[in-house]
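Thanks for coming, everyone. I would like to walk through one structure this morning, going from the whole chain down to single residues, and I will take comments at the end.

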Amino acid sequence: MKKFWIWLIPLICAAMISVGVVIGVTADKNLNSKVVFATNLYCRYDKLSLYVENTYTITSNEIVVEPKNCTQKILFNTDNENMLSVDAITGEILTKEVGNCNLIATVKASEVENITIKIPVEVKEIVIDAPDEEEIVINKNEYTINKTIDLNIGTEMIIYQTESSKNECSYTVLSGEDCVDEIVFDYKKIYVSAKAVGEIEILIDSPTDQTIIYITVFES
């Protein structure tokens with residue numbers, strides 16, 4: 001009889017160990033599958049700014065649930081389906097129209113209660129910066145007149161007579177300034193006197209035209 005019990009003891013121990021393992025695994029499984037409800041739900045931003053006709057996925061960078069080990073999924077919706085198309089599970093958003101609406105996020109706080117928040121969404125038009133417009137220079141002058149004049153040293157000569165007054169005209173000595181003694185703009189006439197032999201080039205700009213005067217100065 002003793003021999004029988006001695007033989008039975010290892011079997012009983014093995015059975016007890018097996019039961020203990022099963023209980024331990026079950027307990028651990030139950031512990032890992034513990035339901036954790038949300039205590040808080042919030043958006044990191046006061047408003048989401050999205051561009052029209054684009055796809056976005058809401059992540060924890062935008063909407064946060066607490067505690068971190070919460071086992072409840074956030075569900076998404078919108079109060080304007082014409083503006084946003086929202087995947088309730090993934091939080092993927094397709095923006096369809098320009099305007100303002102709300103993204104609605106909901107998570108379970110208990111078996112019978114939810115936490116729901118509304119996040120303002122602005123859907124904006126994509127604006128592509130237009131390239132800089134080429135600068136358009138409108139030449140006010142319809143034509144350019146070139147005029148050649150011979151001038152003796154010490155002589156004053158009318159080199160140009162305009163249809164406009166001197167307040168509307170200007171002149172620039174392009175070359176030969178060392179040869180010029182004096183330039184006088186008197187009402188509608190320009191007078192030039194020379195002091196040295198050489199060549200003078202003067203640009204006259206009036207409301208109607210541009211004129212380049214070429215003056216060759218001779219010894220008198």
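About 15,300 Å² of this protein is exposed, and carbon and sulfur atoms supply 52% of that area. What you are looking at is a predicted model, and I will come back to its confidence values in a moment. Of the 220 residues in the protein, 29% are buried, and the secondary structure consists of 1 helix and 16 strands. If we take the contacts with a separation of 6 or more, 59% of them are between residues 24 or more positions apart.

Let me turn to confidence, since it affects how we read the rest. The mean pLDDT of the protein is 77, and 71% of its residues reach 70 or more. Among the elements, helix H1, which covers residues 2-32, has the lowest mean at 53, whereas strand S8 has the highest at 95. There is also a stretch, residues 129-142, over which the pLDDT is below 50, and in the model this stretch has 10 contacts beyond near neighbours in sequence.

Now to the interior. Which residues have the most contacts inside the largest nonpolar core? That core has 23 residues, and the ones with the most contacts inside it are Leu41, Ile63, Leu103, Ala105, Ile119 and Val121. The elements that give two or more residues to this core are S1, at 40-43, S2, at 48-51, S8, at 99-108, and S9, at 114-124, and S9 provides the largest share, with 5 residues. Apart from this core lies another one, of 18 residues, which includes Ile159, Phe185, Ile202 and Ile204.

Leu41 is a useful place to stop. Setting aside residues up to four places away in sequence, Leu41 touches Ile63, Val64, Val65, Ile74, Ala105, Thr106, Val107, Ile115 and Ile117. The side chains along S1 alternate, with Leu41 and Cys43 pointing to one face and buried, while Asn40 and Tyr42 point to the other face and are not buried. S1 runs antiparallel to strand S4, residues 63-66, and 4 bridges join the two; in this pairing Cys43 stands opposite Ile63.

A related arrangement appears in strand S5, residues 75-78, where Phe76 and Thr78 form a covered face and Leu75 and Asn77 an uncovered one. S5 pairs with S8 in the antiparallel sense over 4 bridges, and Phe76 stands opposite Ala105 in S8.

Next, the cysteines, beginning with Cys43 and Cys101. Are they buried or exposed? Cys43 has a relative accessible area of 18%, so with the cut-off for buried at under 20% it counts as buried, and Cys101, at 7%, is buried as well. Cys70, which lies in the loop between S4 and S5, is also buried, with a relative accessible area of 14%. Leaving aside neighbours within four places in sequence, Cys70 is in contact with Val36, Phe37, Ala38 and Val65. From Cys70 to Ala109, 39 residues away in sequence, the C-alpha to C-alpha distance is 9.6 Å. A search of the whole structure finds 0 disulfides.

Two points of backbone geometry deserve a careful look. Most residues other than glycine have a negative phi, and most peptide bonds are trans. Glu53, although not a glycine, has a positive phi of about 60 degrees; Glu53 sits in the loop between S2 and strand S3, the latter at 55-57, and is exposed, with a relative accessible area of 66%. The peptide bond from Glu66 to Pro67 is cis, with omega near 0 degrees, and Pro67, like Cys70, lies in the loop between S4 and S5.

Finally, let us go to Thr216, which belongs to strand S16, residues 210-218. How exposed is Thr216? Its relative accessibility is 23%, and because partly exposed covers values between 20% and 50%, that is how Thr216 is classed. Not counting residues up to four places away in sequence, Thr216 touches Ile149, Asp150, Leu151, Gly198 and Glu199. With Glu199, which is 17 residues away along the chain, the C-alpha separation is 4.7 Å.

That is the end of my tour, and I am happy to go back to any part of it.

Notes:
Residues are numbered from 1 along each chain as its sequence is written. This is a predicted model: local features need pLDDT of at least 70, side-chain atom pairs count only at pLDDT 80 or more; totals for chains, interfaces and linings use all residues. Side-chain values use heavy atoms; hydrogens and water are left out. A nonpolar core is a set of buried Ala, Val, Leu, Ile, Met, Phe, Trp, Tyr and Cys residues joined through side-chain atoms within 4.5 Å. Buried means under 20% relative accessible area, exposed over 50%, partly exposed in between (1.4 Å probe, protein chains only). Contact means heavy atoms within 4.5 Å. Two strands pair if DSSP finds at least two bridges between them. A disulfide is a pair of cysteine sulfur atoms within 2.5 Å. Accessible areas come from the Shrake-Rupley method with a 1.4 Å probe; for residues, only the protein chains shown count as cover. pLDDT is the predictor's confidence in each residue, from 0 to 100.
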